[in-house]
Amino acid sequence: MIEPQNRPIRIAVTGAAGHIGYALLFRLAAGELLGRERPVILHLLEITPALPALSGVAMELADCAFPLLEDLVLTDQPDKAFDGVDYAFLVGSRPRSQGMERKDLLRVNAEIFKIQGRALNERASRKVRVLVVGNPANTNAMIARENAPDLKDSQFTSMMRLDHNRALSLLAKSCRVNVGDIQRVTVWGNHSSTQFPDIEQAQVGDEPATQKVDQRWIEETLIPTVQQRGAAIIKARGASSAASAASAALDHMRDWIHGTPPGSWVSMGVAASGQYGIAPGVFFGYPVECRGGEMRIVEALKLSDFARSRIHLTDQELREERSGVLDLLPHR
Ligand code: NAX
């Protein structure tokens, strides 16, 4: 059946009253994801105590009088939030509280993403595309995916795009070119300080990036700056990245829907099925090409020993994260 061109598209955003939500919703309602012709209905999920704040955000959305914003659904129920949605931005998660260990944080979030995976499985469009932003994003994405047996691996992703954009921006500045002149940057692995921002395959205009910058700059400036950028922003601003994270989330979904430029790729966290030796099922930052609404890991890139050792490190961390939540993964 051919779908009417003006059918409103349903987009879920969880953690919608949070900082990233606040920077994302207005851009979605303005048509920045699907174009200025497509009406949207935003489904906003929050925890119960945040519903009053969410109603304030809804008032502001109404006050913008966005012509494309057809309706809003505000709820604290995942089943309602994901009912019939075409796209889901899973942004909300529990932050680390005082005295909480990393493994405890993994588990409280794992519970959230288990419930949300099940609700997506039961209620979302059969073609739903899901982007997990809430940390630990890769492992949360794995949990949501594993709890949605009727959906496919290729419908779930986690966000590496902020790291990718940070690497692009640094390289462009160092080479004194526009970010648009750079292609084939990859951020491999986990969205954490073990991630590996890789420019070994990158092109700056027609030249390999490795001819424009030296290995020392890569190891001593690019990699640690990208890895530590989130912490640097918190230190400077007193709050974590919000507008840049929302912008990256839009970039991620937009490229997934509309496609990546020919000959280039973007970084996305996707379910491994053995590519580059990563444990199957783990959500790993990979180079990804998108065409016709489908995404595909770019395979068979030649990796240096240096790249392999960095990829191994971040793979180890993701395997450890997975072993901390194994009991929450249903057997498929
Ligand atoms: P905020 O604390 O401002 O907002 C999070 C919101 O999520 C809150 O309003 C909270 O009530 C809500 N929430 C908590 N549990 C929920 C649940 N079970 N269902 C629905 N909503 C729930 O955080 P914000 O700055 O917006 O960041 C959101 C998440 O993005 C955090 O986990 C953060 O670590 C993560 N980030 C991930 C990035 C990535 O590249 N993958 C980069 C940016 C960001 O740090």
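Reader: Happy to start exploring! How many bridges join strand β1 to β4?

Author: Welcome, and keep in mind that this is a predicted model. Strand β1 covers residues 9-14, and it runs parallel to β4. One of the places where they meet is valine 13, whose bridge partner in β4 is phenylalanine 89. The number of bridges joining β1 to β4 is 4.

Reader: Which residue of β5 does phenylalanine 89 stand opposite?

Author: Strand β5 (residues 129-132) also runs parallel to β4, and 4 bridges join the two. Within β5, the residue opposite phenylalanine 89 is leucine 131.

Reader: Which residues of β4 point the other way from Tyr87 and Phe89?

Author: In a regular strand, side chains alternate between the two faces of the sheet. Strand β4 takes in residues 87-90, and Tyr87 and Phe89 share one direction. All four residues are buried, and those pointing the other way are Ala88 and Leu90.

Reader: What is the handedness of the unit made by β4, helix α4 and β5?

Author: Helix α4 spans residues 102-123 and belongs to a β-α-β unit with β4 and β5. The handedness of that unit is right-handed.

Reader: Moving on to α8, how far apart are its end C-alpha atoms?

Author: Helix α8 runs over residues 243-258, which makes 16 residues. At 1.5 Å a residue, the expected span is 22 Å, counting one less than the number of residues. The model agrees with that expectation, as the end C-alpha atoms lie apart by 22 Å.

Reader: Which residue just after α8 takes a positive phi?

Author: Many residues of α8 itself are listed as buried, including Ala245, Leu250 and Trp256. Just beyond the helix, the phi angle is positive, at about 105°. The residue that takes it is glycine 259.

Reader: Which charged residue sits over the ring of tryptophan 256?

Author: Tryptophan 256 is one of the buried residues of α8. A charged end sits over its ring, 5.9 Å from the ring centre. That charged end belongs to arginine 129.

Reader: What kind of pair do the rings of tryptophan 188 and tyrosine 286 form?

Author: The structure holds 6 aromatic pairs. In the pair of tryptophan 188 and tyrosine 286, the ring centres are 6.2 Å apart and the planes lie at 70°. Planes over 60 degrees apart count as edge-to-face, so this pair is edge-to-face.

Reader: How many residues apart in the chain are tryptophan 188 and tyrosine 286?

Author: Tryptophan 188 lies in strand β8 (residues 186-188), and tyrosine 286 lies in strand β13 (residues 283-291). Tryptophan 188 counts as buried at 0% relative accessibility, and tyrosine 286 is buried with a relative accessible area of 0%. Their pair links distant parts of the chain, and the separation is 98 residues.

Reader: What kind of pair do phenylalanine 284 and tyrosine 286 make?

Author: Both of these residues are buried, and ring pairs link them into a cluster with Trp188 and Tyr276. The ring centres of phenylalanine 284 and tyrosine 286 are 5.3 Å apart, with planes at 55°, so the pair is tilted.

Reader: Which strands are the edges of the open sheet β7-β10-β11?

Author: This sheet has 3 strands with antiparallel pairing. Strands β7 and β10 pair over 2 bridges, and glutamine 183 has glutamine 203 in β10 as its bridge partner. An edge strand pairs on one side only, and here the edges are β7 and β11.

Reader: Which backbone oxygen does the side chain of asparagine 140 reach?

Author: Asparagine 140 is found in helix α5 (residues 137-146). With a relative accessible area of 0%, asparagine 140 is buried. Its side chain comes to 3.2 Å from the backbone oxygen of asparagine 135.

How values were computed:
Residues are numbered from 1 along each chain as its sequence is written. This is a predicted model: local features need pLDDT of at least 70, side-chain atom pairs count only at pLDDT 80 or more; totals for chains, interfaces and linings use all residues. Side-chain values use heavy atoms; hydrogens and water are left out. Buried means under 20% relative accessible area, exposed over 50%, partly exposed in between (1.4 Å probe, protein chains only). Rings of Phe, Tyr and Trp (its six-membered ring) pair if their centres lie within 6.5 Å; planes under 30 degrees apart count as stacked, over 60 as edge-to-face and the rest as tilted. A charge sits over a ring if NZ of Lys or CZ of Arg is within 6 Å of the ring centre and within 35 degrees of the ring normal. Two strands pair if DSSP finds at least two bridges between them. A crossover is right-handed if, with the strands pointing away from the viewer, the path from the first strand over the helix to the second runs clockwise. A polar contact is a pair of N or O atoms within 3.5 Å; within protein, one must be able to donate a hydrogen and the other to accept it, and residues adjacent in sequence count only if both atoms are side-chain atoms.
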